[in-house]
Amino acid sequence: MNNTLPNTDQAPANEPRKSQPFAVAQVASAARVERGNDLYETPACAVHALLKVEKIPRAVWESAAGGSAIVIVLRATGHFVVGTDISEGRDFFQEREMPAGTACITNPPFAKADRFAAHTLTLAPKGALLLPLGFYESVKRTPILEGGQLARVWVFRNRLPGMHRAGWSGNKSSNAVAFAWFVWCRNHNGPPTLHRLTAEGR
Ligand SMILES: C[S@@+](CC[C@H](N)C(=O)[O-])C[C@H]1O[C@@H](n2cnc3c(N)ncnc32)[C@H](O)[C@@H]1O
């Protein structure tokens, strides 16, 4: 992987970003044409919750980094993070390698989540994707859900803050969707275990 980062990803963790943290839209509320690249930013509490329950290596690749909401939290907690996004010319599906021992953590565009999970597994020993809980209910996703490498599903006990599309100027609603971290491990072989976690400070 080319470790040359787009400018927004190289900025220090405390530098203001071009899009607002915590601003993102309800998953199903916008028409596809309006959603563009599906930039819905992850609330910091969701990342902190993952860090409490999963062992995350120092090196992390945020493969759909958007406004760097996840990158900021990971860097602030001591991780070395490479953040890339299609909006800055880095299509994850075109990536062919990443440094050894690097985990992939992202909140992918939902429409491409299956492919993100599968491609993550080809590149990284471990991948954690923040996804609507309903991701687990699917026939077409059977290969990625039952292929043996989905190791853990961490379901939030409480609802995450409303995720509004970047640039959303309508009402800020609370989140209508239950979310979970889906963790794939290349060295896992078997069914996933189911767990619960809490987004603190809600
Ligand atoms: C739901 S947003 C999440 C942004 C960020 N991960 C976060 O959690 O705040 C999805 C992001 O995926 C990016 N994206 C969409 N397709 C992509 C692709 N093929 N490769 C890389 N990034 C992609 C979009 O530009 C958008 O920033």
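**Exercise 1. Work out whether S68 is buried or exposed, and say what is unusual about its backbone.**

Step 1: count neighbours. S68 has 26 C-beta neighbours inside 10 Å, so this residue counts as buried. The cut-offs: buried takes 20 or more other C-beta atoms within 10 Å, exposed takes 12 or fewer, partly exposed is in between, and the C-beta atoms are placed from the backbone.

Step 2: place the residue. S68 belongs to the loop between strand 1 (59-62) and helix 4 (69-76). Helices (H or I, at least four residues) and strands (E, at least two) are DSSP runs, numbered from the N terminus.

Step 3: check phi. For S68 the angle is near 75°, a positive value in a residue other than glycine. Most residues other than glycine have a negative phi.

Before going on, two ground rules. Residues are numbered from 1 along each chain as its sequence is written. This is a predicted model, where local features need pLDDT of at least 70, side-chain atom pairs count only at pLDDT 80 or more, and totals for chains, interfaces and linings use all residues.

**Exercise 2. Decide how enclosed helix 4 is, and find what follows this helix.**

Step 1: 7 of the 8 residues of helix 4 are buried, so the rest of the structure largely encloses this helix.

Step 2: name them. The buried set is A69, I70, V71, I72, V73, L74 and R75.

Step 3: step past the end. Helix 4 is followed by G78, with a positive phi near 95°.

**Exercise 3. Lay out the sheet and identify its edge strands.**

Step 1: get the order. The open sheet has 7 strands, arranged 2-1-3-4-6-5-7, with mixed pairing. Strands pair if DSSP finds at least two bridges between them.

Step 2: find the edges. Strand 2 (80-83) and strand 7 (193-197) each have a single partner strand, so one side of each lacks a neighbour in the sheet. From one strand to the next, the twist averages 25°.

Step 3: walk through some pairings.
- Strand 3 (residues 103-106) runs parallel to strand 4 (residues 126-132), joined by 4 bridges; A103 sits opposite K126.
- Strand 4 and strand 6 run antiparallel with 7 bridges, and L129 has F182 as its bridge partner.
- Strand 5 and strand 6 are antiparallel too, over 5 bridges; here W154 is partnered by W181.
- Strand 5 (residues 150-156) and strand 7 are parallel, with 5 bridges, and V155 stands opposite R196.

Step 4: compare burial. In strand 6, 6 of the 7 residues are buried, so this strand is largely enclosed. In strand 7, the number buried is 0 out of 5 residues, so strand 7 lies largely in the open.

**Exercise 4. Find which residues have the most contacts inside the largest nonpolar core.**

Step 1: the largest nonpolar core holds 46 residues, and A46, I70, L129, L131, W181 and F182 have the most contacts inside it. Such a core is a set of buried Ala, Val, Leu, Ile, Met, Phe, Trp, Tyr and Cys residues joined through C-beta atoms within 7 Å.

Step 2: zoom in on W181. Leaving aside neighbours within four places in sequence, W181 is in contact (C-beta atoms, placed from the backbone, within 7 Å) with L50, A128, L130 and W154.

Step 3: look at helix 3 (residues 44-53). Its buried residues are A46, V47, A49 and L50. They cover an arc of only 160° around the axis (using directions from the helix axis to the C-beta atoms), which puts them on the same side of helix 3. Their cover includes helix 4, strand 4, strand 6 and strand 7.

**Exercise 5. Classify R115 and describe the packing of its helix.**

Step 1: R115 is in helix 5 (residues 113-123). With 14 other C-beta atoms within 10 Å, R115 is partly exposed.

Step 2: list the buried residues of helix 5, namely A113, F116, A117, H119 and T120. Among what covers them are strand 3, strand 4, helix 6 (142-146) and strand 6.

**Exercise 6. Decide where the model deserves caution.**

Step 1: pLDDT (the predictor's confidence in each residue, from 0 to 100) averages 84, and 77% of the residues score at least 70.

Step 2: find the weak stretch. Over residues 1-35, pLDDT stays under 50.

Note on methods
Contact = placed C-beta atoms within 7 Å. Axes fitted to C-alpha atoms, helices over the stretch in contact; angles between N-to-C directions.
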